[in-house]
Amino acid sequence: MKKYLPLVLLLTSPTLLAEPYMQLGMGLIELDHDEDVLFSDGTALTPDSQESAFQITVGKRYEKFGVEVSYRRFEGDDSKDVSMYSNLPALPSGVVGGTPNEYEEDWDSSLKAQQLALKGIYFHDLNEQITLKGGLGLTYTDYELKSSHTQSWEEDKAGPDWEYDNVISHDKASDTAWGGIVSLGADYVLMPETAPNLTLGVEGSVAIDEYSTVSALLGNVGWKF
């Protein structure tokens, strides 16, 4: 992400801006991940999610057109677990010291992402307070995928419990992807007389790349410099 810092600085340079602005957005992001995490025993998990998220945007406007750079983080997860209290699987060879009466097996996966978007923006002023915005551009996303498969035996008894954990697998992988994004939104100047630079708005967007589809609906507060 650091290599894109000069682009952000260009957008915020006061000597080059026609109408610079900054926005902080909060809302919901839905992650639809296209690839399953497949474990050696055939178990498959899909780390999708719907969660709250934030987005930081800087941009500048030239009459009806402009450019924006935004940054956001999001993640998804999926898991499966099995608990048994009778007919427990045998302990791994060589493990001694307890007589377990409980067994758990857990499969976990998580996908964390950081996404940078560069969009061209079209502005349409309905009046002095309401501006509609449409955007189209590119995304660059860093992905980090983690997965683990663990077995646990426990002897629940009076006094200290006995427990043994067996990590079957614990994997971590990362990758990057280019994609596309489209957005629609509106900004509203709440107090045009006393605070003409303060805006409240809403934005919906869909970003797609080879790994995931990310849908977002955000409310934002902004400031025009």
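Select asparagine 87 to begin: with a relative accessible area of 73%, this residue is exposed. The model on screen is a predicted one. Asparagine 87 sits in the loop between β5 and β6, the latter strand covering residues 102-125. Check the backbone here, since phi of asparagine 87 is near 50°, a positive value in a residue other than glycine. Most residues other than glycine have a negative phi.

Next, go to glutamate 63, in the loop between β4 and β5. Phi of glutamate 63 is also positive, near 55°, and again the residue is not a glycine. Is glutamate 63 buried or exposed? Its relative accessible area is 68%, which is over 50%, so glutamate 63 counts as exposed.

Now select strand β5, residues 65-84, and pick out methionine 84. Methionine 84 has a relative accessible area of 25%; this lies between the 20% and 50% limits, so the residue is classed as partly exposed. Which residues does methionine 84 touch, not counting those up to four places away in sequence? They are Pro89, Asn101, Glu102 and Tyr103. To see how the chain comes back to this place, add glutamate 104: the C-alpha atoms of methionine 84 and glutamate 104 are separated by 6.4 Å, although the two residues are 20 apart along the chain.

Move on to the pair of strands β7 (residues 130-155) and β8 (residues 162-191). They run antiparallel, and 26 bridges join them. For one point of register, select lysine 133 and its bridge partner in β8, glycine 185. Then follow the chain through the turn: β7 and β8 form a hairpin with six residues between them. Within that turn, glycine 159 has a positive phi of about 90°.

Keep β8 selected and add strand β9, residues 195-209. How many bridges join β8 to β9? There are twelve, and these two strands also run antiparallel. Serine 183 has serine 205 in β9 as its bridge partner. The hairpin formed by β8 and β9 has three residues between the strands.

Switch to a surface view and select Leu24, Met26, Phe54, Ile56, Tyr188, Leu190, Met191, Leu200 and Val221. Together they make a nonpolar surface patch of about 740 Å². Where do these residues come from? Strands β1 (20-33), β4 (49-62) and β8 each supply at least two of them. The largest share is that of β8, with three residues. Leucine 190, one of the patch residues, is placed in strand β8. Its relative accessible area of 42% falls between the limits of 20% and 50%, so leucine 190 is partly exposed.

The last stop is serine 212, in strand β10, which covers residues 212-224. Why does serine 212 count as buried? Its relative accessibility is 1%, and buried means under 20%. Show the side chain together with that of tyrosine 143: the two side chains make a polar contact at 2.6 Å. To display the rest of the surroundings, select Leu31, Asp32, His33, Asp34 and Ala207, which are in contact with serine 212 along with Tyr143, leaving aside neighbours within four places in sequence.

Technical notes: Residues are numbered from 1 along each chain as its sequence is written. This is a predicted model: local features need pLDDT of at least 70, side-chain atom pairs count only at pLDDT 80 or more; totals for chains, interfaces and linings use all residues. Side-chain values use heavy atoms; hydrogens and water are left out. Two strands pair if DSSP finds at least two bridges between them. Helices (H or I, at least four residues) and strands (E, at least two) are DSSP runs, numbered from the N terminus. Patches are made of residues with over 30% relative accessible area and no salt bridge: like charges are joined within 9 Å, nonpolar side chains (Val, Leu, Ile, Met, Phe, Trp, Tyr) within 5 Å. Accessible areas come from the Shrake-Rupley method with a 1.4 Å probe; for residues, only the protein chains shown count as cover. A salt bridge is a side-chain nitrogen of Lys or Arg within 4 Å of a carboxyl oxygen of Asp or Glu. Buried means under 20% relative accessible area, exposed over 50%, partly exposed in between (1.4 Å probe, protein chains only). A polar contact is a pair of N or O atoms within 3.5 Å; within protein, one must be able to donate a hydrogen and the other to accept it, and residues adjacent in sequence count only if both atoms are side-chain atoms. Contact means heavy atoms within 4.5 Å.
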